[in-house]
Amino acid sequence: RSVYDGEEHGRFMEKLEARIRNHDREIEKMCNFHYQGFVDSITELLKVRGEAQKLKNQVTDTNRKLQNEGKELMVAMEELRQCRLQQRNISATVDKLTLCLPVLEMYSKLREQMKSKRHYPALKTLEHLEHTFLPQVSHYRFCKAMVDNIPRLRQEIRELSMSDLKDFLESIRKHSDKIGETAMKQAQQQRNLDNIVSQHPRISGGKKSKKEFSASSELEVKNTSPMSEQDSGILDVEDEDEEEEVPGAQDLVDFSPVYRCLHIYSVLGARETFESYYRKQRRKQARLVLQPPSNMHETLDGYRKYFNQIVGFFVVEDHILHTTQGLVNRAYIDELWEMALSKTIAALRTHSSYCSDPGLVLDLKNLIVLFADTLQGYGFPVNQLFDMLLEIQDQYSETLLKKWAGVFRNILDSDNYSPIPVSNEEVYKKIVGQFPFQDAELEKQPFPKKFPFSEFVPKVYSQIKEFIYACLKFSEDLHLSSTEVDDMIRKSTNLLLTRTLSNCLQNVIKRKNVGLTELVQIIINTTHLEKSCKFLEEFITNITNVLPETVHTTKLYGTTTFKDARHAAEEEIYTNLNQKIDQFLQLADYDWMALEPGSRASDYLVDLIGFLRSTFAVFTHLPGEGDAHSTMSGKVAQTACMSACKHLSTSLLQLLLEAEVRQLSLGALHQFNLDVEECEQFARSGPVPGFQGDTLQLAFIDLRQV
């Protein structure tokens, strides 16, 4: 600024030029000082350029050689690289196959198990495959196909296992009678064993008790794995000879299909569905089993098959109850049993009412008792069955009464109504063994001799005892007290005496053409049977061990029965005699206007008196049994004789006083007087011993006075 302001440009330029010249001289001086070094450097640089050119040529030559030599190496390296790549790929493939092969093997195993119907193992394999193996290889397409196929396979397993269950249920339905038969045989064996033990307490060991057997059988079932490889359903049971041990009912059945199906549905989360289906199907089968065949009442086998099927059904259900956790429960079993009990009792009431054979009713009762004992052994309440047996007992008594009515009719119809002749001691003892009869006088008499009664007395007495035995048979195994058995036997025996035997005797007494000698013999027979009632009381007491003095003990009414029969026979005698007298009187032909009487009594009256004499001679010569028997015969004879005389007197009086007889001649009265005298002579002659004084003649006193 000072240059520009002072306008000293020229001077400044001069100074600047001078300064440049100074610097040039310094630079030239500097260059001169270093020039030799520069020359030397250039020289060396030129030398270096030559050497560098040589080096370049050598490097180029070496490079060419190296390139030529390295071509093979590069090819080998490329091959090595490719080999390494393949090696890595193979290793990766092996690793992936290591993951995939178990999946494929498991899937193959699954298909094989499905093919061989091993459904539970197949389901376990499927679960393992789905949760363990497939997640590791889920990105492969075949695995996705498997995953998509799993629900279908699971459904297939479910359907196949259900099919096995249906086959099992069908087999159970068909074989339930065999299962029940075996269970009832086992119960029968147990009962026989108990009887033997009760009779011989020292005997021990032997067969298993039912409880032990059930426990061991249950243990065997629990040890059976549901993974069992075979679904055999019902095992074949061959008919074998009776051995010491009847196979247990559960041993006849392979329950593995049920267990497997239950496990399968449990794993599938459908256990409730399975339980519902199983119970529904078994309830349907129960209704089928409880439907009795229409002709069941015709044979015992019909009842036996019916009971076998019911027992078989409940044996299976009881086993299922104890070997599965909740497939069936006690409430379900109790509900089924209540239904079965009501239907069974109704069926038995209906069908047993058709039965008229006491033997079949007794066999049915034994079968029902075995049926009840069998199911009671499995824990089912059976009191209602025993109550129903008491109803059947009444029916049994009725069928017995009908049967014995026929027996009594045959005995009474075939009897000759004559005292039993005895030719030797053996026959005598045989009769006395059949009928309780003691008579010291008869024993002293030499053979041949006669019992006072006819053959129907020991026969009827023996049949009454047979009836009592038949009643006793029904009361066995009914768990009744001795008092109840005694009461039942006495009531039935009373019915036999007061209704059945009484009716038979009345029919014999009332039938046409019965003779007076037969009626007299019936009176004697019923007297002896009446006396035998106390021996029947003792007989019942001996077989029931209940003393007659026990409170509420029913008494036998046999005495009344035989008294009524005897009175009926006596009345029939009186009636018959009067009818005979009437028949003779119909022959009377008086000429009430006769001028002269005959020389003797009328022929019809003479014949009538002869008939009466011969008739009362029968009473006089009856075989006696001491004073009591003579008194009994005498009373009947006296009453009959008095009745006949009174009837004769009354009838003659009616003849005399008939309205049609308007006038009489003295000759007719004299003839009538001869007839009355004949009657009075008959009364005085004492046709029947035992009348005091003129008692019999008093029968004709009114006639005499008229």
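Helix 14 (residues 456–475) has 20 residues and should span 28 Å at 1.5 Å a residue; its end C-alpha atoms lie 29 Å apart, in agreement with that value. The model is predicted. Asp477 follows helix 14 and has a positive phi, near 65 degrees. Phe467 is part of helix 14. Its relative accessibility is 0%, so Phe467 counts as buried. Leaving aside residues up to four places away in sequence, Phe467 touches Leu400, Leu401, Trp404, Ser492, Thr493 and Leu496. Of these contacts, Leu496 is 29 residues from Phe467 in sequence, with a C-alpha to C-alpha distance of 8.4 Å.

The protein as a whole contains 22 helices and two strands. It has 706 residues, of which 42% count as buried. Among contacts with a separation of 6 or more, 81% join residues 24 or more positions apart. The exposed area is about 40,300 Å². Carbon and sulfur atoms supply 52% of that area.

The largest nonpolar core comprises 177 residues. Phe307, Ile573, Leu648 and Leu652 have the most contacts inside it. Helix 4 (residues 141–199) gives the most to this core, contributing 13 residues.

Thr541 sits in helix 17 (residues 533–544). With 11% relative accessibility, under the 20% limit, Thr541 counts as buried. Arg490 is 51 residues from Thr541 in sequence, yet the C-alpha atoms of the two are 9.9 Å apart.

Side chains of opposite charge can pair when their charged atoms come close. The structure holds 20 salt bridges. One of them joins the side chains of Arg282 and Glu317 at 2.7 Å, N to O. This pair links distant parts of the chain: Arg282 is in helix 7 (residues 271–289) and Glu317 in helix 8 (residues 300–323), 35 residues apart. Arg282 is buried, at 1% relative accessible area. Glu317 also counts as buried, at 0% relative accessibility.

A further salt bridge brings together the side chains of Glu680 and Arg704 (3.0 Å, N to O). Glu680 lies in helix 21 (residues 666–684) and Arg704 in helix 22 (residues 701–705), so the pair ties together parts 24 residues apart in sequence. Glu680 counts as buried, at 13% relative accessibility. Arg704, at 34%, counts as partly exposed. Elsewhere, salt bridges with shared partners join Asp61, Arg64 and Lys65 into one network. Within this network, the side chains of Asp61 and Lys65 meet at 3.4 Å, N to O. The two residues are four apart in helix 2 (residues 9–115), so about one helical turn separates them. Asp61 is partly exposed, with a relative accessible area of 24%.

How values were computed
Residues numbered from 1 in each chain as written. Predicted model: local features only at pLDDT ≥ 70, side-chain atom pairs only at ≥ 80, totals over all residues. Heavy atoms only, no water. Buried < 20%, exposed > 50% of the residue type's maximum accessible area, 1.4 Å probe, protein only. Contact = heavy atoms within 4.5 Å. Areas by Shrake-Rupley, 256 points an atom, 1.4 Å probe, with all protein chains shown as cover. Expected span 1.5 Å × (residues − 1). Core = buried A, V, L, I, M, F, W, Y, C linked by side-chain atoms within 4.5 Å. Salt bridge = Lys/Arg side-chain N within 4 Å of Asp/Glu carboxyl O.
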